[in-house]
Amino acid sequence: MDNCIFCKIANKEIPGNIVYENEDIIAFNDINPQAPVHILVIPKKHIESLNELADKNLAGELLDSVREICKKLNIKDYRTVINTGKEAGQEVFHIHLHILSGRPLKWPPG
């Protein structure tokens, strides 16, 4: 998508604080962190949300990337979140997984 900020980060058209990258996935620090560690993990290919993610291999690669990132950064306790749709809190319509860590995370959030 031409105006997708995450596509622009993935394509290195705008800077992002990248913490992980492979052929299909890129991860970077959130510019509005909700925890001391707040990383966004995205596919380089534009997919609007979890509802449009039909590629099971890519879905597995996204989850595997979370594990790899946490191992690389020595993050042992973390929460992963995928917001799907506006009412669920999705603000950028390019699927992304949040990795949150660095403080106690309660449920429900708040």
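Trainee: Let's start in the middle of the sheet. How many bridges join β3 to β5?
Mentor: Strands are DSSP runs of E with at least two residues, helices are runs of H or I with at least four, and both are numbered from the N terminus. Two strands pair if DSSP finds at least two bridges between them. β3 and β5 run antiparallel, and the bridges joining them number 5.

Trainee: Before we go on, what pLDDT do side-chain atom pairs need here?
Mentor: Residues are numbered from 1 along each chain as its sequence is written, and side-chain values use heavy atoms, with hydrogens and water left out. This is a predicted model, where totals for chains, interfaces and linings use all residues, local features need pLDDT of at least 70, and side-chain atom pairs count only at pLDDT 80 or more.

Trainee: OK, back to β3. Which residue in β5 does isoleucine 39 stand opposite?
Mentor: β3 has another partner too: 5 bridges join it to β2 (residues 25-29), again antiparallel. On that side, asparagine 29 stands opposite isoleucine 39 in β3. In β5, the residue opposite isoleucine 39 is isoleucine 99.

Trainee: So is strand β3 largely enclosed or open, and how many of its 7 residues are buried?
Mentor: Buried means under 20% relative accessible area, exposed means over 50%, and partly exposed is in between (1.4 Å probe, protein chains only). Strand β3 covers residues 37-43 and is largely enclosed by the rest of the structure, because the buried residues number 6 of the 7.

Trainee: Serine 101 is in β5, right? How far is a polar atom of its side chain from the backbone oxygen of aspartate 77?
Mentor: Yes, serine 101 sits in strand β5, residues 97-101, and at a relative accessible area of 8% it's buried. Its contacts (heavy atoms within 4.5 Å), leaving out residues up to four places away in sequence, include Ile75, Asp77 and Tyr78. From the backbone oxygen of aspartate 77 to that polar side-chain atom is 2.6 Å.

Trainee: Which residue's side chain does glutamate 68 join in a polar contact?
Mentor: Glutamate 68 lies in helix α2, residues 56-72, and counts as partly exposed at 32%. A polar contact is a pair of N or O atoms within 3.5 Å; within protein, one must be able to donate a hydrogen and the other to accept it, and neighbours in sequence count only if both atoms are side-chain atoms. The partner is 48 residues away along the chain, with 8.8 Å between the C-alpha atoms. The side chains are joined at 2.9 Å, and that partner is tyrosine 20.

Trainee: How many disulfides does the structure hold?
Mentor: A disulfide needs two cysteine sulfur atoms within 2.5 Å. The sulfur of cysteine 7 is too far for a bond, because its closest cysteine sulfur, in cysteine 4, is 3.7 Å away. Cysteine 7 is buried, by the way, at 5% relative accessibility. The number of disulfides is 0.

Trainee: Zooming out, what is the radius of gyration of the protein?
Mentor: There are 2 helices and 5 strands, in the order α-β-β-β-α-β-β along the sequence. The protein is as compact as a globular protein of its length, because its radius is close to the 13 Å that the globule rule gives for 110 residues. The radius is taken over C-alpha atoms, and the rule is 2.2 Å times the number of residues to the power 0.38. For this protein the radius of gyration is 13 Å.
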